[in-house]
Amino acid sequence: MAELDDPTRLFDIAGRIACVTGASSGLGRHAASVLAAAGARVVGVARRTRGLREWQDKFPNQAAIAPGDIADQDQHDDLVSRIVAPFGPPDIIVHAAGLNPRQSADNLDRETWDFTMSVNLAAPFFLSQALVPSMKDREWGRIVNFASLQSYRAFPDGLAYGAAKGGLTQLTRAMAEAWSGSGINVNAIAPGFFETELTQAVFADPERRERNAHQTCIGRNGDMTDLDGPLLFLCSEASRYVTGQTLMLDGGFTAK
């Protein structure tokens with residue numbers, strides 16, 4: 001590819017169509033907002049319609065919503081149709097929806113295990129599988145999975161979540177192997193400690209909050225805006241030769 005006069009154009013996603021799961025709150029909502037602010041047309045997916053509408057109101061000209069339960073695979077065909085309806089098939093898919101039941105290994109029940117796997121592991125694959133054909137037709141696509149510190153580290157009461165997120169890092173590699181030859185790059189972001197609904201219990205405890213911050217190389221917990229640069233990189237032409245990778249967005253927590 002010829003050199004660009006302005007290298008920053010590599011990060012330009014204006015006019016792209018994106019789908020973000022988990023867009024009603026937390027990192028998913030922030031990711032959806034970043035992409036919309038960067039000029040993409042974004043469809044937010046989540047179970048909670050109220051949260052989606054609150055997000056949509058901030059981007060009236062670029063945002064649409066598709067409420068639905070990504071864990072219910074019987075409803076995926078309908079959900080995919082509603083994702084595609086507002087703007088057309090997405091160029092970018094961000095799988096930010098997540099579930100962490102925080103049950104101990106001794107008390108983990110099969111229903112919770114299955115639901116955790118459905119949200120965190122099965123949905124990113126099967127939703128992508130349904131949307132990949134249009135990306136193949138255009139010979140361009142970006143899929144960004146949300147992995148976790150628990151993709152690599154075992155945390156207390158995190159058996160189901162950690163197993164799903166560990167599987168997601170391998171799924172990211174396998175999806176890249178399957179589809180990157182068609183111009184579809186698949187990568188993952190693994191956030192460290194960010195204050196969201198999933199981590200309320202951690203951040204409500206000042207001692208744990210401070211201890212986690214001190215375990216990073218940088219010396220602080222994550223701020224939502226720390227997601228912006230890595231996300232735009234992985235969703236744009238800037239990452240054209242990067243696929244099958246998991247980027248640890250953890251302030252160096254896993255480096256120590």
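This is a short walk through one protein model, from its core out to a few side-chain details.

Okay, hi everyone. Before anything else, keep in mind that what you see is a predicted model.

Let's start in the middle. Which residues have the most contacts inside the largest nonpolar core? They are V20, L35, V42, I92, V94, L227 and L231, and that core has 31 residues. Plenty of elements chip in: β1 (17-21), α1 (26-37), β2 (41-46), α2 (49-57), β3 (63-67), β4, β5 (141-146) and α8 (228-235) each supply at least two residues. The top contributor is α1, which gives 6 residues to this core. As background, nonpolar side chains in soluble globular proteins tend to be buried together.

If you want one residue to click on here, try L35. Setting aside neighbours within four places in sequence, L35 is in contact with I13, A18, V20, A40, V42, I92, V94, L231, L232 and C235. There's also a second, separate core, with 26 residues, and A66, I70, I83 and I143 are among them.

Next up, the strands. Find β6: 8 of its 8 residues are buried, so the rest of the structure largely encloses this strand. In a regular strand, the side chains alternate between the two faces of the sheet. And which residues cover each side of β6? On one side you have I184, V186, A188 and A190, on the other N185, N187, I189 and P191, and all of them are buried. Its partner β5 runs parallel to β6, and the two pair over 6 bridges. To find your place there, look for V144, which stands opposite N187 in β6.

Now for a polar spot. Go to D91, in the loop between α3 (76-84) and β4 (92-95). Is D91 buried or exposed? It's buried, with a relative accessible area of 7%. Its side chain makes a polar contact with the side chain of R138, at 2.9 Å. Not counting residues up to four places away in sequence, D91 touches R16, I17, M135, R138, W140, G141 and R142. Two of those names, R16 and W140, come up again: the charged end of R16 sits over the ring of W140, 3.6 Å from the ring's centre.

Last topic, the aromatics. How many aromatic pairs does the structure hold? There are 5. Take F125 and W179, a stacked pair with 6.1 Å centre to centre and 5° between the planes. This pair links distant parts of the chain, with F125 in helix α4 (residues 110-138) and W179 in helix α5 (residues 159-179), 54 residues apart. F125 counts as partly exposed because its relative accessibility is 24%, while W179, at 10%, counts as buried.

Then compare F193 and F253, an edge-to-face pair with 5.4 Å centre to centre and 80° between the planes. F193 lies in the loop between β6 (184-191) and α6 (200-203), and F253 in the segment after β7 (246-249), so the pair ties together parts that are 60 residues apart in sequence. Both rings belong to buried residues: F193 is at 12% relative accessibility, and F253 has a relative accessible area of 8%.

And one more thing to look up when you're back at α4: ring pairs link F125, F126 and W179 into a cluster.

That's the tour, thanks for listening.

Methods: Residues are numbered from 1 along each chain as its sequence is written. This is a predicted model: local features need pLDDT of at least 70, side-chain atom pairs count only at pLDDT 80 or more; totals for chains, interfaces and linings use all residues. Side-chain values use heavy atoms; hydrogens and water are left out. Helices (H or I, at least four residues) and strands (E, at least two) are DSSP runs, numbered from the N terminus. Buried means under 20% relative accessible area, exposed over 50%, partly exposed in between (1.4 Å probe, protein chains only). A polar contact is a pair of N or O atoms within 3.5 Å; within protein, one must be able to donate a hydrogen and the other to accept it, and residues adjacent in sequence count only if both atoms are side-chain atoms. Contact means heavy atoms within 4.5 Å. Rings of Phe, Tyr and Trp (its six-membered ring) pair if their centres lie within 6.5 Å; planes under 30 degrees apart count as stacked, over 60 as edge-to-face and the rest as tilted. A charge sits over a ring if NZ of Lys or CZ of Arg is within 6 Å of the ring centre and within 35 degrees of the ring normal. A nonpolar core is a set of buried Ala, Val, Leu, Ile, Met, Phe, Trp, Tyr and Cys residues joined through side-chain atoms within 4.5 Å. Two strands pair if DSSP finds at least two bridges between them.
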